[in-house]
Amino acid sequence: MSTYRAPLSEILFVMNELAGLEQVAKLPGFEEATPDTVAAILDEAAKFATNVLDPLNQTGDKEGSKLLPDGTVKTPTGFKDAYRQYIENGWNGLTKPAEFGGQGLPQLVGTGVEEMWHSSNLAFDLCPLLTQGAIEAIHLRGSPELQQRYLPKMVEGVWTGTMNLTEPQAGSDLAAVRTRAVPQGDGTYKLYGQKIFITFGEHDYTDNIIHLVLARTPTAPEGVKGISLFVVPKYLVKDDGTLGARNDVHCVSIEHKLGIHASPTAVLAYGDKGGAVGYLVGEENRGLEYMFIMMNLARFSVGMEAVGVSERAYQHAVAYARERVQGKAVGLDKATNAGPIIDHPDIRRMLMTMRAYTEAMRALAYVTAAALDNARAHPDPEARKRHQAFADLMIPIVKGWSTETAQEVAYLGIQVHGGMGFIEETGAAQYYRDARIITIYEGTTGIQANDLLGRKTARDGGATARVVAAEIDKVAARLASHANPALRPIGLRLAAVTAALQSAIDWMVPAFGQEVRAAHAGAVPYLKLWGLAAGGWQLGRAALVAADKLAKDEGDASFMHAKIATAQFYAECLLPPAEGLARAITDGGESVLALTADQF
Ligand SMILES: Cc1cc2nc3c(=O)[nH]c(=O)nc-3n(C[C@H](O)[C@H](O)[C@H](O)COP(=O)(O)OP(=O)(O)OC[C@H]3O[C@@H](n4cnc5c(N)ncnc54)[C@H](O)[C@@H]3O)c2cc1C
């Protein structure tokens, strides 16, 4: 097993040079995010990730969470204690509102920290991630009374939160939710129904769990317009803030899964013993709308899981490739004896692929995080709108493209290990298994692609998509005419992919209205084309910064050279197939749909 090393220089480079931390720290409310404070936070997070979370990753996978006969769940050895340390160190409230005890730091800073949690222990961080979503919902739409009662404890982390959307018949299609919420005449409701696949729906970290639950009131209209959102605590909370009676929500089983074994995935029964007491969030029938607001952040976080697990799989593969001796590398003078596999060109290809994808996903996510901060805090309303539109376009890409790309990274991580990759002891297989869920929860890739196509591209006639594509094109032009010749091929390839992207947008916008099935048949290729182009955009920007620093003799020269080489590899080896995706989008719809359902 390798030990996780937080890529601090890389994280700081991306935050400072690509995402614009300096500008974000000038936004009202974010003044505390000074360079020194941010560096100190990242340093401490790196220690916690390396010393506390990483050592539990493999043992947690082997041991898994267990359902006990009394309906409680025991998380793997060490997890409860790690969670205690996590909240005692104040990590849970890092980006949460100061009025409820958080530190109110920008999302951009939280993103750097979050990456380290995901790299070191994906299963562990799912609990804080879901708590964050629940906090967001109560903060955005809960009454002042709900906020006062729940948020301080949730921000501190002494109570955790969950998101209860899924039911056996309601997965991607939440219009099919059936859980009932019956008003009691005193402002409260009683909930009846079953939720499945609820992450950390039951656990032993804390003595209360605050469930955010989608349900229907008796008079609710059919479909998505009839869903409301409720807070349902495991233990009712008395007026003085202490815990009262046990509520009627119980864990009936936990799932046996391919990965993230340490994270309990619960089936929760509501109302089997008379009804689970729930409190309405916001207004009746607007639950799905609220859920979507908070899902933006949760989807972004799952995109960050892709970055985290990819980084870890990459580090693991590099460590193995340095150690494993096998064969003489072709064409190297020194290769008179068998040497480490890292000298084989094909191993280099795999490691470069893993590295370039990871850096591209990271840069895109951090730039999106900065846009979220600007959308929230920029003093100019027009700028807030612009940043929000950019973040809205990017979030399905950060979620959908990055999680799909992480599959390839984790797959290559195994391939670099050869047979040992298939053997559990090395740990490479765990990253592959753990990564598999991220293309599924918080909306599958198909759902992200539909969102990118319908709500984020077609709805405004392709306006935002075209603005962003034009920005990519500008960077391509700067690269293509750069004084440093290493940057020019990056610009040429990026320009070709941007042209392909623009043609795909031009085709998609009318097709969404006129050939809706063909447009949707190309939705995932469209998402992938966007991801490849946007990732190349960010690596191209990184290469521009690196070339500038090299010219001025600033910074670590080896790091800057590696930035340019990685961008060049991405442009030359990973971007060319992206041009073909535009073809698949514009030409492929008919053949995708050619067979009837019974011909399969
Ligand atoms: C480990 C784990 C943890 C989870 N945690 C939570 C949680 O904490 N809270 C929670 O509420 N849920 C949770 N889920 C549920 C998860 O969000 C759903 O599994 C996911 O949304 C997909 O729903 P489904 O499984 O019903 O698949 P389905 O919706 O049945 O999808 C099956 C296939 O059909 C495709 N599909 C469906 N509709 C469309 C469409 N309109 N267009 C194109 N393709 C479509 C999907 O992309 C997929 O490929 C979790 C699931 C797992 C496995």
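Which strands and which helix each supply at least two residues of the shell around the ligand? In this predicted model, they are strand E3 (160-164), strand E5 (188-199) and helix H13 (445-458). Of these, E5 gives the most to the shell, with three residues.

Let us look at that shell as a whole. The ligand is surrounded by 19 residues, and the closest are Met163, Thr166, Ser172, Phe197 and Thr444. Sorted by character, the shell holds nine nonpolar residues, eight polar ones and two charged ones.

Now turn to the polar contacts with the ligand. Threonine 444 has an N or O atom in its side chain that sits 2.6 Å from an oxygen atom of the ligand. Threonine 199 also takes part through its side chain: a polar atom there lies 2.7 Å from a nitrogen atom of the ligand. Leucine 165 uses its backbone instead, with a polar backbone atom 2.8 Å from an oxygen atom of the ligand. On its own, the ligand has 980 Å² of accessible area, and the protein covers 61% of this.

Finally, let us leave the ligand and visit the protein surface. Here Met420, Phe422 and Ile423 make a nonpolar patch of about 330 Å². Phenylalanine 422 belongs to helix H11, which runs through residues 419-422. Is this phenylalanine 422 buried or exposed? Phenylalanine 422 has a relative accessible area of 72%, so it counts as exposed, the cut-off for that being over 50%. A residue needs over 30% relative accessible area to be part of such a patch, and phenylalanine 422, at 72%, is above that value.

Methods. Residues are numbered from 1 along each chain as its sequence is written. This is a predicted model: local features need pLDDT of at least 70, side-chain atom pairs count only at pLDDT 80 or more; totals for chains, interfaces and linings use all residues. Side-chain values use heavy atoms; hydrogens and water are left out. Patches are made of residues with over 30% relative accessible area and no salt bridge: like charges are joined within 9 Å, nonpolar side chains (Val, Leu, Ile, Met, Phe, Trp, Tyr) within 5 Å. Accessible areas come from the Shrake-Rupley method with a 1.4 Å probe; for residues, only the protein chains shown count as cover. A salt bridge is a side-chain nitrogen of Lys or Arg within 4 Å of a carboxyl oxygen of Asp or Glu. Helices (H or I, at least four residues) and strands (E, at least two) are DSSP runs, numbered from the N terminus. Buried means under 20% relative accessible area, exposed over 50%, partly exposed in between (1.4 Å probe, protein chains only). A residue is near a molecule or strand if one of its heavy atoms lies within 4 Å of it. A polar contact is a pair of N or O atoms within 3.5 Å; within protein, one must be able to donate a hydrogen and the other to accept it, and residues adjacent in sequence count only if both atoms are side-chain atoms. Ala, Val, Leu, Ile, Met, Phe, Trp, Tyr, Cys and Pro count as nonpolar, Asp, Glu, Lys and Arg as charged, and the others, Gly among them, as polar.
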